[in-house]
Amino acid sequence: MNLIHRPRRLRRTPAMRRLVRETRVSKDSLILPFFIREGSGVKEPIDSLAGLFRYSPDTIHAAVGDAMADGVRSFLLFGLPDHKDEVGSSAWDDNGPVQDALRRLRKACPEAVFITDVCMCEYTSHGHCGVLAGGDVDNDPTLDLLARTALSHARAGADIVAPSDMMDGRVGAIRNALDGDGFQSTAIMSYAVKYASSFYGPFREAAGSAPGIGDRQGYQMDPHNRREAGREAALDLDEGADMLIVKPAMAYMDVIADVAAMSDRPVAAYSVSGEYAMICAAGAQGLVDEYGVMCETALGAFRAGADLLITYFARELARAIDKGDLG
């Protein structure tokens with residue numbers, strides 16, 4: 001009698017599943033965003049992002065400390081100023097909310113990694129990511145302002161600056177400014193691939209950064225385009241980017257895979273506010289298992305090739321790693 005030899009499936013005990021996992025997730029790969037607003041004694045709930053808060057520079061250290069206790073050690077800071085004007089001058093104010101928070105955090109949490117978002121949209125009165133000329137963003141004059149902002153963050157103690165504006169040439173302008181002021185070791189994590197996405201709504205409410213006129217499709221990427229992502233990433237690498245971001249994550253797993261395959265630098269997937277809000281809302285309605293979907297979507301980004309994940313679920317994912325559900 002001829003025997004039919006079939007490949008055997010591995011025994012699916014929990015220990016065996018963990019042993020043979022192809023994709024591994026580490027707490028060190030998680031980055032938690034925070035919103036820093038001016039003022040003191042502030043811990044303000046964000047209506048559009050359940051369970052998240054805006055902090056003032058004097059209260060953020062407690063939130064960072066709590067996250068570090070869960071094993072999260074990298075943080076992305078967004079500034080929310082009281083004063084906004086046409087050119088976003090509060091962005092490079094050495095006493096701005098991000099700069100103030102950085103000086104405090106460097107003392108309170110010296111072992112943490114602090115990344116700062118470098119953009120104008122939270123600081124401009126019109127909500128766009130650069131200087132306007134005739135209703136359109138004027139690329140080249142914006143570069144100097146972005147460089148000034150990045151330099152101000154570096155002086156305050158940022159380990160990494162992350163330009164999210166999508167202006168042409170901004171990585172090179174920032175690299176030159178940092179190097180010229182002695183900050184050669186300050187890294188640049190570029191939002192190299194940032195789509196004009198519908199997933200940003202909750203963030204714009206949280207940061208008060210929705211465009212007052214027009215939209216950002218002129219400088220953010222068209223969601224129809226895949227090959228363009230490789231060109232954008234290559235340009236930023238040529239200008240000196242140390243890390244690349246693909247944003248959003250959930251609907252762009254193919255792009256994450258493409259950028260990871262072509263880059264010799266770390267690639268971060270940004271699981272944005274809309275992704276977080278959808279999972280929380282569906283979970284609250286009992287429509288999905290919020291914990292399971294949170295883990296599965298994070299795993300998808302890493303399986304696609306991401307080295308890092310920027311996510312509002314960072315603390316919860318760190319706990320999932322402890323439980324053996326990730327990692």
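Helices (H or I, at least four residues) and strands (E, at least two) are DSSP runs, numbered from the N terminus. We're working with a predicted model, where local features need pLDDT of at least 70, side-chain atom pairs count only at pLDDT 80 or more, and totals for chains, interfaces and linings use all residues. Residues are numbered from 1 along each chain as its sequence is written, and side-chain values use heavy atoms, with hydrogens and water left out.

**Exercise 1. Find what lines the second largest cavity, and which element gives the most.**

Step 1: get the term straight. On a 1 Å grid over the protein atoms alone, a cavity is a set of points where a 1.4 Å probe fits but cannot get out, while a pocket is an open set with protein on both sides within 12 Å along at least five of seven lines; lining residues have an atom within 4 Å of a point.

Step 2: pick the cavity. The structure has 2 cavities of 30 Å³ or more, and the second largest has a volume of about 90 Å³ (the space filled by probe spheres set on the grid points, which are joined across faces, edges and corners).

Step 3: list the lining. It has 14 residues, with Ser271, Met294, Thr297, Ala298 and Leu309 nearest the centre of this second largest cavity. Helix H9 (273–284), helix H10 (290–304) and strand S12 (308–311) are the elements that give two or more residues to that lining. H10 comes out on top, giving 4 residues.

**Exercise 2. Describe the largest pocket and its lining.**

Step 1: the largest pocket holds about 330 Å³ of space.

Step 2: it has 18 lining residues, and Phe34, Gly51, Leu52, Tyr55 and Arg315 are the closest to its centre.

Step 3: strand S1 (30–37), strand S3 (53–55), helix H2 (60–69) and helix H11 (314–323) each give two or more residues to the lining of the largest pocket. S1 gives the most, with 4 residues.

**Exercise 3. Work out why cysteine 121 has no bond to cysteine 119.**

Step 1: a disulfide here is a pair of cysteine sulfur atoms within 2.5 Å.

Step 2: cysteine 119 has the sulfur closest to that of cysteine 121, but the two are 4.0 Å apart, so that's too far for a bond. The count by this rule is 0 disulfides.

Step 3: check burial. Cysteine 121 counts as buried (under 20% relative accessible area; exposed is over 50%, partly exposed in between; 1.4 Å probe, protein chains only) because its relative accessibility is 5%. Cysteine 109, at 6%, counts as buried too.
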